[in-house]
Amino acid sequence: MEQTLRRNPALRAWLLIAPAGLFLLIFFILPLFIVIIYGFLERGTYGGVVWQFTAENFSRVFDSLYFSTFLRSLYIAVLTTLFCILVGYPLAYFMTSRPPRQRNLLLLLLMIPFWTNFLIRTYAWLTLLRTNTGLINVTLMNLGIIKEPLPLFGNDFAIVLGLVYGWLPVAVLPMYASLDRLDRSLVEAARDLYASGGQVFRRVIWPLSLPGVVAGSMLVFIPSLGAFVTPAILGGGKSLMIGNVISNQFLAAHDWPFGSALSTLMMVIMLFATLLYFRSTALKAKEERA
Amino acid sequence: MRRFYYVFLLLLVIALAAAGCSQPAAAPATSAPASDTQTAPAASSDSVKLPEEIVMFNWTDYIDPDLYGEFEEASGVRVIEDNYSSNEELLAKLQGGSAGYAVIVPSDYTVGIMIEEGLLAKLDHANIPNLSNLADRFTQVPYDPGSVYCVPYMWGTTGFGYDSTKVDPPASWSVFFEPDPNSDIYGRVTMLDDPRESFAAALAYLGYDINTTDEAQLNEAKDALIRAKAQLAGYDSDTYEDLVASGENLLAHGWNGDFLLAMEDNENIVYVTPKEGGVVFVDNLCIPASATPEQKLAGEMLINFLLEPEVAARNSEFIYYASPNKAAEAFLPEDFLNDTSIYPPAEVLDKLQYLEPVGEAESIYQRLWDEVKSAQ
């Protein structure tokens, strides 16, 4: 057995990927095809599909209503990503400047929020943000700092806040990883050549940590774009994101084909975003080698 | 490099956690395992054994939880409850192949759809002798005459509840559809996150049939709903009554029993059926076609148990919905039976209507509802 394996590296490779490969084939690739195929079928009146080919679902995707919802989701996802970088980058930088023992502790602290279910943590925000009985507004009003409650709930502010809160640790980790790998002697060299603090950051640290920033952005952007729990809870159900439209097609509208078409479109967009990311990092690597 | 390895490990953990979180909706119940050692207490049916536990798929706060324990004592079957928040969600779950539920509680119009779609099992009346306790008008409901597929569980009305110390008593749907930015309630109002119910409110306000499929009327209703949205804190079908009770909101569109339950926390809440009329509903106990014979038998036993006059009375009193159980009235206190929020007088009842399935127009409703929800 061992000998056969040694003589036959191809077989060995196949055996190694078989468990994961089979799992993904059955539970990811095949369902994916079902989604794509359903996108081209007609709806059953109360759910399900009728096996009749149509391309109408995909043309409906560009209907102004759904397209503007998509743009809104894009706007919220971009805002979320920006804030995650803005808040997360300094934190990641701070973490790498600590001694190794402290770093591990900080990493652990970063993970603690994940010990509690995301849904529960989102509901917890409700008690803070509620307009008239929320902890923040009640405290500020009782202290006499404000007279009218602040609009903290049921708007884009609440949605972005909830998303940034949820995805911040995910953004920090890759930025931390790339900052951690950064060779400190380069910073010293720049300093020796009389670069100012700002210049060192702009021309040495930032470019070298860019892959981490891009990776962190991807990890935040993609789930934010498809988010549907946060807008439903913190948005008060008053604003739609594309994730809500998709879940509504299945849970409320009984329109599986249209939901499938929207999902397919989302996947295509994510795919392009990912490809763009890989191309930019590949270009970067090429430049570095040159 | 070791540290880098840890970061990767952490990333993996996050990815898994994230994957776990992106599925917030209640997971469909796994099939209740049929026990092989269970010695079923007497209750009938040939060789079918009773399962150890069954799942009841129910609305939130829609049963006296003590009854589960009593049923378990009587039958040996443990009941686990899972919840949904709209008929559409229930229908979607069953359509999507979720199995393992022994008893579900769809409303009138949804029962009609489910029968048409073959999602319900026919009830074995031999296992439900207490069926005879129902009031006559509930044995011949239009969506299922003769209780072939379902047994009426509770009935109620849709209207609105408000905090009477802070709001002048409104009597009309106009309080939702003619928002006044200077009023106290502005920004402290919710409507049901339910397309059929919210459209019914708008259609009743406009004086149209709440089951209309006329696009012009529906568009008018959509515009009214968008106008109403200006003063909404949100759309909510699950916690609206608690939010009025806590003082977060002052007015909410919702179901009568929910507000009556919230009065236990805040006695200033008042429920009103609007003068233009609105929705009357009957929620029903049904057994999905996907139930195993064991689950079906236990489900029928649970239905029969809930039809016991004394049990039905206690359940009604606990959740504040009117019981269709005639025999239960003997066990209900006088002031409960005389409460017009629970048992509306005939002249109010005359103005209320059932929601009915709208067939193909369903997609129009949903499309317009999406427009309402995405309006800024």
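Is A:N132 buried, exposed or partly exposed? With a relative accessibility of 21%, A:N132 counts as partly exposed, because buried would need a value under 20%. Keep in mind that we are looking at a predicted model.

Let's stay with A:N132 for a moment, as it takes us straight to the other chain. It sits in the loop between α6 and α7 of chain A. Leaving out residues up to four places away in sequence, A:N132 touches A:V138 and A:P149 in its own chain, and B:R188, B:G247 and B:E248 across in chain B. One of these neighbours comes with a distance: the backbone oxygen of B:E248 is 2.9 Å from a polar atom of the A:N132 side chain. For a sense of scale within chain A, try A:A171, which is 39 residues from A:N132 in sequence and 33 Å away in space, C-alpha to C-alpha.

Now step back to the whole interface. Here 47 residues of chain A are in contact with 44 residues of chain B. The two chains bury about 4000 Å² between them, and carbon and sulfur atoms give 62% of that. If you want three residues to click on, pick A:Y46, A:K238 and A:L251: they supply 20% of the area that chain A buries against chain B, more than any other three residues.

What about polar links across the interface? There are 11 residue pairs in polar contact between chain A and chain B, counting pairs with both residues at pLDDT 80 or more. On the chain A side, α4, α5, α6, α8 and α12 each supply at least two of the residues that touch chain B. Of the elements of chain A, α8 gives the most, with 8 residues. Sorted by class, this side of chain A has 25 nonpolar, 14 polar and 8 charged residues.

How many salt bridges cross between chain A and chain B? The rule finds 1. It joins the side chains of B:R367 and A:D63, with N and O 2.3 Å apart. Side chains of opposite charge can pair when their charged atoms come close. B:R367 also has a partner in its own chain, B:E371, at 3.0 Å from N to O. Those two residues are 4 apart in helix α15 of chain B, so about one helical turn separates them. Residues three or four places apart in an α-helix point the same way, because the helix has 3.6 residues a turn. B:E371 counts as buried at 19% relative accessibility, while B:R367 is partly exposed at 24%. Follow the shared partners and you get one network of salt bridges that takes in A:D63, B:K222, B:D223, B:R367 and B:E371.

Over all chains, the structure has 16 salt bridges. Another one of them pairs the side chains of A:R43 and A:D255, at 3.9 Å from N to O. A:R43 belongs to strand β1 of chain A and A:D255 to the loop between α12 and α13, so this pair ties together parts 212 residues apart in sequence. A:R43 is partly exposed at 22% relative accessible area, whereas A:D255 is buried at 3%.

That same loop between α12 and α13 of chain A also holds A:H254. Its phi is positive, about 55°, although A:H254 is not a glycine. A:H254 is buried, with a relative accessible area of 1%. Compare A:Y194, in the loop between α9 and α10 of chain A: its phi is positive too, near 65°, but A:Y194 counts as exposed at 77% relative accessibility.

Finally, a look inside chain B. Its secondary structure comes to 15 helices and 10 strands, and 58% of its 376 residues count as buried. Among contacts in chain B between residues at least 6 apart in sequence, 74% join residues at least 24 apart. Helix α12 of chain B has several buried residues, including B:V311, B:A312 and B:I319. Covering them are, among others, α2, β4, α10, α11 and α13 of chain B. Just after this helix comes B:Y320, with a positive phi near 65°.

As for the cysteines, the structure holds 0 disulfides over all chains. B:C286 has the sulfur of B:C150 as its nearest cysteine sulfur, 4.6 Å away, and a disulfide would need the two within 2.5 Å. B:C286 is buried at 0% relative accessibility, and A:C84 is likewise buried at 0%.

Key. Residues numbered from 1 in each chain as written. Chains lettered and ligands numbered in written order. Predicted model: local features only at pLDDT ≥ 70, side-chain atom pairs only at ≥ 80, totals over all residues. Heavy atoms only, no water. Contact = heavy atoms within 4.5 Å. Buried area = accessible area lost by both parts, 1.4 Å probe. Salt bridge = Lys/Arg side-chain N within 4 Å of Asp/Glu carboxyl O. Polar contact = N/O pair within 3.5 Å; in protein donor to acceptor, adjacent residues only side chain to side chain. Nonpolar A, V, L, I, M, F, W, Y, C, P; charged D, E, K, R; others polar. Buried < 20%, exposed > 50% of the residue type's maximum accessible area, 1.4 Å probe, protein only.
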